[in-house]
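Me: I would like to go through this model one piece at a time. Please reason briefly before giving each answer.

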Amino acid sequence: MVDNIAIKVIDVRKSFKLPHQKNDSVKGIFLNLFRRKKSYEKQEVLRGISFEAKKGEFLGIVGRNGGGKSTILKILAQIYQPDSGTVEIDGNLTPFIELGVGFNPELTGRENVFLNGALLGFTKKRMMKMYDDIVKFAELEQFMDQKLKNYSSGMQVRLAFSVAIQAKTDILLIDEVLAVGDANFQKKCFDVFESFKEEGRTVIFISHSMQQVIRFCDRAILINKGQIVADGDPEVVAIEYDMLNDETQKNNTSRLKPKTTREARIIEDILSEFSEDDKLLEVAAGDGRIVKIVNSLGIKMMGTDSINGKKTSPVRLVAEQNTIEDVTGLIITDNRPSLTDEVLQNLIEDIGNGNFPKLEKIYIHMPFHHYQSFVKNLDPTALPHIGDRRDPLDLLRKLSRYGFEAITVSSYGDLAFQYRTFVLRKFDEDYKEAIWNS
Amino acid sequence: MRPTIAYQSVEMYNQWISMKFFSRIISQKNIAIFTQLVAADFKIKYQGSALGYFWSLLKPLMMFSVLYLVFGVIFRIGDSIPNYPIYLLLGIVLWSFFAETTQNGLQAVVSREDLIKKIRIPRWIVVLSTSASALINLVLNLVVVFVFAIFTGVDFGWTSLLLIIFILEIYILALGLSLLLSALYVRFRDITYIWDVVIQAGFYATPILYPITLITDPIILKIMILSPIASSIQGARDAFVTSETLTISEIFNSPYAFLIPLGISLTFFVVGLLYFRKQSKYFAENL
């Protein structure tokens, strides 16, 4: 195998026999023997999956439920046997399909730690060495001799996670184990993930939360109906994933209701920030759901601009249409930070060129955690450009050259994924004067 | 260069397993898993019961008391045998060991579904760990047998140690059956009821309560003693309790007759192991 490849999967196929009626009884077997009839259905879960993970890569595998992502993880963990195809793994591998495997409520915390540790492949000697660290990390010092059944579910998860992260293997498989725990503990988990990344370990992370994948992964793979449909930059894969979800949403009658709390929040914001006189345009948003919902609530939205999986210049695309002169408000809502950067960058140029003569208000709703880590970790002189991600505050400052000033800034979200909302308003000289005088 | 684990379709996987199979069995990791599972089982088993571990001893003793009262005192079946109480107790203890090992072993894989589906531990460890708790019980029970034997004035000699060989023979059979049954049980859930009946029938088909000398038909006698359990129990009694016990070599008139039941035990063990190995790859998806 090439030296820098940790996992290589070539054309793996897997199908399950789904019995119409499960043959759990000997009677059923005999009956079927005489009938000579197949009483099961073959369900192809993986139809030729091929991918590679480089050493030190943080690879996300996303997909809708039933798409085959858990099956591929179990094949990598050698719990399932592939029907055909090759899996090559270079290095030691620890799978975390579930936290706290083997935990028994009747045993004490200490006993469970040793049991779980052994199942994860630690020898007794190593467990003795690690025990204090585990307890300390879980913050459960005074509870270790109590039975697990007296723990809260949060405490159980904390204990399980603390054991799990002790695995010093080269490759880790993680399956949505972060879905639980309070905000404080979640932050701890994310810190551990960051440290995995820094230590250069290979991590395969399975999730249906695109936000977590964007946050941590260097690369993402989208699996749908047993095949890889997208592979590459997590933000680009996120767009494909959105589109995939929308396709199935189309048949839903609940189309005109906000799908997520984020969407509901945006709509609420729009209704409070803009009036019926405004002519709004939504850019860099995706599927136009927000437009439809807002329209149905009485505010005039002129349309939306959707991007087909590529980082294009949406504002320019819109500018080519002839509706531009009337636009009084812009709404930028996207959960891909680099795309929001791109849009803002182009918007600054467009405004500079006089493309939006009547534009008065800009509403921006964007993920902000990337920038937070910029501010925290980096030398300020490096701020404006990190890779292709720009400091949004810098961009907003540029907008102020054309008279746009931030009038409200608010944020919401969790530690993993924080959104920030900016509302900018154009203040011309007359208006400023009027305010001063009043 | 780190070792590369690669497996290619089913054939490659089999090769990979077989090449490393034996060197991997007794690794530090496997020992840790095994001891932790056994310890957990042992701790959980008597949680919340006041007498705790003593139940392991009391159960066969109570059964012995009832059976001795009925067959020894009322029916006077054992009058012809010296030390009949200890003769009966040893038979019950050995049979209970066999029954417990196979009945628990049968459930081993299914009851550890959570582990099988979630992590990559060697599957045979779950079967072996359930048999270990039966072994612990056996040792505790043998202590009782030993104490009893001292009080009833049994003569000990070097041949008493042969008991260990006969226990080993029963264990090999029980382990082989556990492997076979636990793998079958994943797919056919009726097995547990069938096996309960087999155990029940086996208890009466084996000379435990009654002395084998009660069987007068020589053909039935020969068939009966070919069972590894029957021949082991008779052998153990011969070695430990009284040399007046009728053993397989006396029935067949050959010192090598013991090889037949031993062969049966080993055959079950090999068949069980092979079937278990073949099926174990699909446990996670069949459960």
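Me: In strand 10 of chain A, which residue of strand 12 stands opposite Leu280(A)?
Reply: This is a predicted model. Strand 10 (residues 280-283) and strand 12 (residues 329-333) of chain A pair in the parallel sense, over four bridges. Opposite Leu280(A), in strand 12 of chain A, stands Gly329(A).

Me: Which residues of strand 10 of chain A point the other way from Leu280(A) and Glu282(A)?
Reply: In a regular strand, side chains alternate between the two faces of the sheet. In strand 10 of chain A, Leu280(A) and Glu282(A) point one way, and all the residues on both sides are buried. Those pointing the other way are Leu281(A) and Val283(A).

Me: How many residues of strand 3 of chain A are buried?
Reply: Phe58(A), Gly60(A) and Val62(A) point one way from this strand, and all three are buried. Leu59(A) and Ile61(A) point the other way and are buried too. Strand 3 (residues 58-62) of chain A is mostly covered, and of its five residues the number buried is five.

Me: Which residue of strand 8 of chain A stands opposite Val62(A)?
Reply: Strand 3 of chain A pairs with strand 7 (residues 202-207) in the parallel sense over five bridges, and there Phe58(A) has Val203(A) as its bridge partner. Strand 3 is also joined to strand 8 (residues 219-224) of chain A by four bridges, and these two run parallel. In strand 8, the residue opposite Val62(A) is Leu222(A).

Me: On which residue is the kink in helix 3 of chain B centred?
Reply: Helix 3 (residues 54-74) of chain B has 21 residues and reaches 28 Å from its first C-alpha to its last, close to the 30 Å expected at 1.5 Å a residue. There is nevertheless a kink of about 35° in this helix. The kink is centred on Tyr68(B).

Me: What covers the buried residues of helix 3 of chain B?
Reply: The buried residues of this helix include Ser56(B), Pro60(B), Phe64(B) and Gly72(B). Their cover includes two other helices of chain B, helix 4 (84-111) and helix 6 (124-151).

Me: Is Arg189(B) buried, exposed or partly exposed?
Reply: Arg189(B) lies in the loop between helix 7 (162-187) and helix 8 (191-205) of chain B. A buried residue needs 20 or more C-beta neighbours within 10 Å, and an exposed one has 12 or fewer. Arg189(B) has 15 inside 10 Å, so it counts as partly exposed.

Technical notes. Residues numbered from 1 in each chain as written. Chains lettered and ligands numbered in written order. Predicted model: local features only at pLDDT ≥ 70, side-chain atom pairs only at ≥ 80, totals over all residues. Pairing = 2+ DSSP bridges. Expected span 1.5 Å × (residues − 1). Bend = angle between axes of the 7 residues up to and from the residue. Contact = placed C-beta atoms within 7 Å.
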